[in-house]
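Q: I'm new to this one and would rather get to know one part well than skim everything. Pick a helix, look at it closely, and then show me what else is around.

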Amino acid sequence: MGNIIINDLWSFLKPEIFIAGGIFIILLADLVIRDNRKAIHFTALIILIAAFASALLQMGTESFIFYLGKGNNHGLLAVDPMSTFIKLITIFSTILIVIFTITSEEFKGSKFKSGEFYTLLFGMLLGMLLLSSGADLIIIYVSLELLSLSSYVLAGFIAGSNRSSEASLKYVIYGATSSGIMLFGISILYGLTGTTNLYAIHTILVSPHVNYLTLGLSILMIFIGIGFKISAVPFHFWTPDVYEGSPLPVTAYLSVASKAAGFALLIRFIKVGFISSVGTNGFWNFYENFDWQLFLIILSIASMTVGNLTALWQNNVKRMLAYSSIAHAGYMLLAIAVLSEKGMLAFLVYIAIYMFMNLGAFYAVMLVANKKGNEEISSFAGLGYKNPYLAFGLSIFLISLTGIPPTGGFIGKLYLFIALLDGDMYWPALIALLNTVISLYYYVRIIKEMYLTKALDDTTIETSKTELTFMFALVAPILVFGIYFTPLVNFCTNFVRILGF
Amino acid sequence: MNDPLILYASLITLFLPVAGFALVTFSLGRIKKVFIGEISLMAVSLLSSVYILIDKLFLHPGVTSVFEFSWISFATGTGNQPINVKLGISVDSVTAILMFAVMLISFLVHLFSVEYMHGDKRFNRYFGYLGLFTFSMLGIVLTHNLLMMYIFWELVGLSSYLLIGFWFEKDSAADAAKKAFLVNRIGDIGMFLGILILFITYGTFTFSEIFAGIGSGKLPFDSEGWLTAAGILVFLGAVGKSAQFPLHVWLPDAMEGPTPVSALIHAATMVAAGVYLVIRIFVMLTADAMVFIAVIGALTAFISATIALTQNDIKKVLAYSTISQLGYMVMSLGVGAYAFAFFHLITHAFFKAGLFLGSGSVIHAMHHEQDIRNMGGLRKKMPVTYFSFLAYTLAICGIPLTSGFLSKDGILAGTYSFGLLTGHWLIPILGFSVVLLTAFYMFRLLFKTFHGKPADLHKYEHAHESPFLMAMPLVVLAVLSVFFWYGLNPASPDSAWFVSKWIDVPAKVVPESSNFSFMNTTATGGESLYNAEYTEAQHHAHFPTMIMSLLFDIIAIGLALLFYIYFKLNSRKLAAALPAVYNFSLRKWYFDEFYNGVIVKGTLLFSSVLYAFDKYIIDGIVNFSAYLTKLISRVSSAFDIIFVDGLVNFTAYINGFAGKHLRRIQTGKVQTYLVLVLFALLTLIILFKP
């Protein structure tokens, strides 16, 4: 028995094992290595690359791990293509964040404790990896907490910065309340079904003896925890404050990786818990207990509309990107709201491109903030002449975020709209389209500031060759996928499946 | 059988020229001699095309290598057919020969330009543009689908625009560049429509898949008429690019570009792209489309030959001669002489590039004098230029022992047999009369430039033979204008290797009912494509054709001798005797005047009508709506002051919709947030209560 578990662990949980082991290695390295801080960065990178490679190698495998026993053939964790994809996304964005960290000004100097930082970062990553595979509400809750607790600390990681500490405290209070309500919801669901395993819940919900009112209540309460993670309106209030106050690499990380993990949880929760089967045409058939589609459409439209409209008025670019990330959560939520395999594909394509463009935008903003000390939009005035390469890169990221060809962002939106039209969701498609138009305004506002506004001062904004190279390494996939996207879509198609469905 | 080496060689040939362009562009003038790098890249590219040529003609004849990958694919399952756009290249003997010809001429033009453009202030940029052009042209040659064809089609248009207007300080050059670009657009719209018709019918851009679709009996809008229309529309692209009547007016003006550019782009390669396009779509042309194409080609050949008779600018004469020869090729495709059209495309490319480079050599020696009335007697000063020019002239007139004789006689025989079979006698009549005209105006040009007494003694004194880098390309091209590169028997076009070995005439895919009966493939599917009737007619046509064209040549050359060498006849008196005819030719059939008067003026008139409409009606509406808007905004501002500002204080508690107000929710107090979350939760529970 023990042997089987160890075999399973090694065959299916290599990324998690690498990251968990990595936490110890980093802690040790932090104690041993005193002078050469670079070594810690590189240790972290090597561990992450190993984890990424092992996640790639387990492409296409499907299995439960930690079986419940007693004739019950479900397990605590489910390794499947969808979770593997989210693992790839989260690990890859962690790799990028490590590179952010190396070049960030906020993290320069003796005050920055890289050992602690990476321990927490890896803790967060481990939480995400487990969350994307979690098939049992208990493990989902525990990994969600692991993810959240690490991110609370990371948000306030700059010692002595009031802004950062305030962000952290707000995050803790908000997060604690959300997860409390979620736990409440989980307990109601347990009372209703007698199990915490999603697959077991699936079999129980087939019988019509469940009280729908209680079920709906528990679903909504659990959704508070999920909505908090993906920062969907109306559970998004923490986002702007925390994003603005946190160190920029952490903000970027929260906006991509932690969102991806939240979406993984949402997809598994809905698809495993509440659908009866996947139809031959790719649409999901539901039990008659809760109108998931309407619910998700309302939340997604609220997210994109509130996010975009509020972003219009922001003068801090970091805060603007925070609202923009709420809007993008709305688009992705809409892709899931189609409740079909095509919607899933659209979601996967979207989040893969979103990772590149959003991290890229944050990185370019960070390079400016490194020199200017703030992210106010006025700091970007005249950037097109001060540093044409940087301004060009940032323009590409912003254009892609808007979704204009020939950038990857357009492809993400294209597949989203194809899925929407395929699901006969014309009104949501129209609203999403209008939202894209609104978003154009504030994205282009930055471009306008860079090229058409005269700089107020003569400060130069210089960037090293390494920094520019890294930024263009993020520009390249956006442009390539914008023109030749078939490989990306084919790649994503392999990951639509979820264990059991 | 897809040899990967062919793929690599094709990609090398294709991309090195554009690498040269990038090299020149990104050196930003920091490297003085960067053009040498560009020329070296071209040399490698040329070698690579030689490899492909040898492989396709001798090692693996008859093998078509196709390399493609799927660029966009939407596997839309419900109802509509899947969309699969493939990009790729296809290399067969036609591709290989044309690629080699393009690369060789391009390379020779590069060498020639080193001397010709010496001292120009944008010297390096000029070579960069040449690289860009060569890349685009090779793209047209290599592509296996209409989409890439269209993209590269526009790219050659762009590089042609850049090179015609290379000396953009001259107004005439800038105008000519614009004219070329705009006139080409007209043809391209037709081509675009044609491509769209084919794409929506067959869901693909790939030639072979479209042809397979037509072969399987699927027709655009289920009608043979639309298939004809699609063919003609795509052909319109060729009308623009290959300067066919009635869109031929841009090519003579394009002579404002540097002369080596005229040789490369506006004589040998780009203008042949239209003919190449028709070669590619040949199998889907219906009988009606082919007659249309043949008539356009014949008219073009005839009209421009008559204009060439009276022009005095050495480059203008050659430009009209180019249009006329392009008309020949198009006509040849129209009458089904597929292999001869391509054969003539290649032989013409060599001798016409030579003629232009030769004229460049003369212009260079005469210090940018282009008027043949001011030349004469250059034979003694410039022997290399003269003898090579003579060789090209003999070739273009189709005198035996030259390459031109083989290809031209093939075309004429094709028109003759077409006339025999269908009764369309207009086409061969125009075709044969062009022989007469061509020989006359070419020898007029030759005599006035190189023979007789120098008209401008001062310039004549300073004239000199061109340096090695300019003379060498002339000699190479002159050697290529001799018959033995194309076949061993100088008197038999049919036994030329182009026809007998290298080019396989493809079987037509159009429905039999809309094809010429004599062009239907025999059911056995053997080697011979056309049925016995057609072969028989062609066989009959050869001998009379040869006799007639030789006779016409002799008459024309004799007349030219009488006019310009022995002065037995006086051309001025003849012109004065027939002023209407003379002016009609000199003023180029008044095409430019007609277009200016009718189309340009008409457009301007129409636009001024629109302007008036705009000014009085639209502006009225706009002003009225502006007034209305102002009124509404006053009302709305009153509303804002009274209602909205009052509401702002409550926005912390309600989910508002205006962004400015939404922002106020973000109070920064985490207690407020949590209250809002609970409020939202309650709302959702009420909304989604079962």
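A: Here is one helix first, then the chain it belongs to, and then the rest.

A quick word on the model: it is predicted, local features are given where pLDDT is at least 70, side-chain atom pairs count only at pLDDT 80 or more, and totals for chains, interfaces and linings use all residues. Residues are numbered from 1 along each chain as its sequence is written, while chains are lettered from A and ligands numbered from 1 in the order in which they are written.

Let's zoom in on helix H8 of chain B, residues 224-241. Helices (H or I, at least four residues) and strands (E, at least two) are DSSP runs, numbered from the N terminus. H8(B) has 18 residues and reaches 26 Å from its first C-alpha to its last, close to the 26 Å expected (1.5 Å times one less than the number of residues). It's largely enclosed by the rest of the structure, because 14 of its 18 residues are buried. A buried residue has 20 or more other C-beta atoms within 10 Å of its own, an exposed one has 12 or fewer, and partly exposed is in between, with C-beta atoms placed from the backbone. Just after H8(B) comes Ala243(B), with a positive phi of about 55 degrees.

What does Val278(B) touch? Skipping neighbours within four places in sequence, Val278(B) is in contact with Phe235(B), Ala238(B), Ile293(B), Val330(B) and Leu333(B). Contact here means C-beta atoms, placed from the backbone, within 7 Å. Val278(B) also stands out in the largest nonpolar core, of 209 residues: along with Ile105(B), Val275(B), Ala341(B), Phe342(B) and Ala353(B), it touches the most other members. Such a core is a set of buried Ala, Val, Leu, Ile, Met, Phe, Trp, Tyr and Cys residues joined through C-beta atoms within 7 Å. Apart from it lies another core of 189 residues, with Ile351(A), Leu367(A), Ala381(A) and Leu474(A) among them.

Now step back to the whole of chain B. It holds 27 helices and 2 strands, and its C-alpha trace spans about 105 × 70 × 55 Å along the principal axes. Of its 690 residues, 49% count as buried. Take its contacts between residues at least 6 apart in sequence: 78% of them join residues at least 24 apart. For a pair far apart in the chain, try His542(B) and Tyr416(B): they are 126 residues apart in sequence but 8.6 Å apart in space, C-alpha to C-alpha. His542(B) sits in helix H22 (residues 532-564) of chain B, and it is partly exposed, with 19 other C-beta atoms within 10 Å.

Chain A comes in where the two chains meet. The contact takes 27 residues from chain A and 25 from chain B. On the side of chain A that touches chain B, helices H7 (162-193), H9 (212-230), H10 (238-245) and H12 (292-311) of chain A each supply at least two residues, and H9(A) gives the most, with 6.

For a second helix, look at H2 of chain A (residues 14-32), whose 19 residues reach 26 Å from first C-alpha to last, close to the 27 Å expected. Its buried residues include Pro15(A), Phe18(A), Ile19(A) and Gly22(A). The buried residues of H2(A) pack against helices H3 (38-57), H4 (81-103) and H5 (114-133) of chain A.
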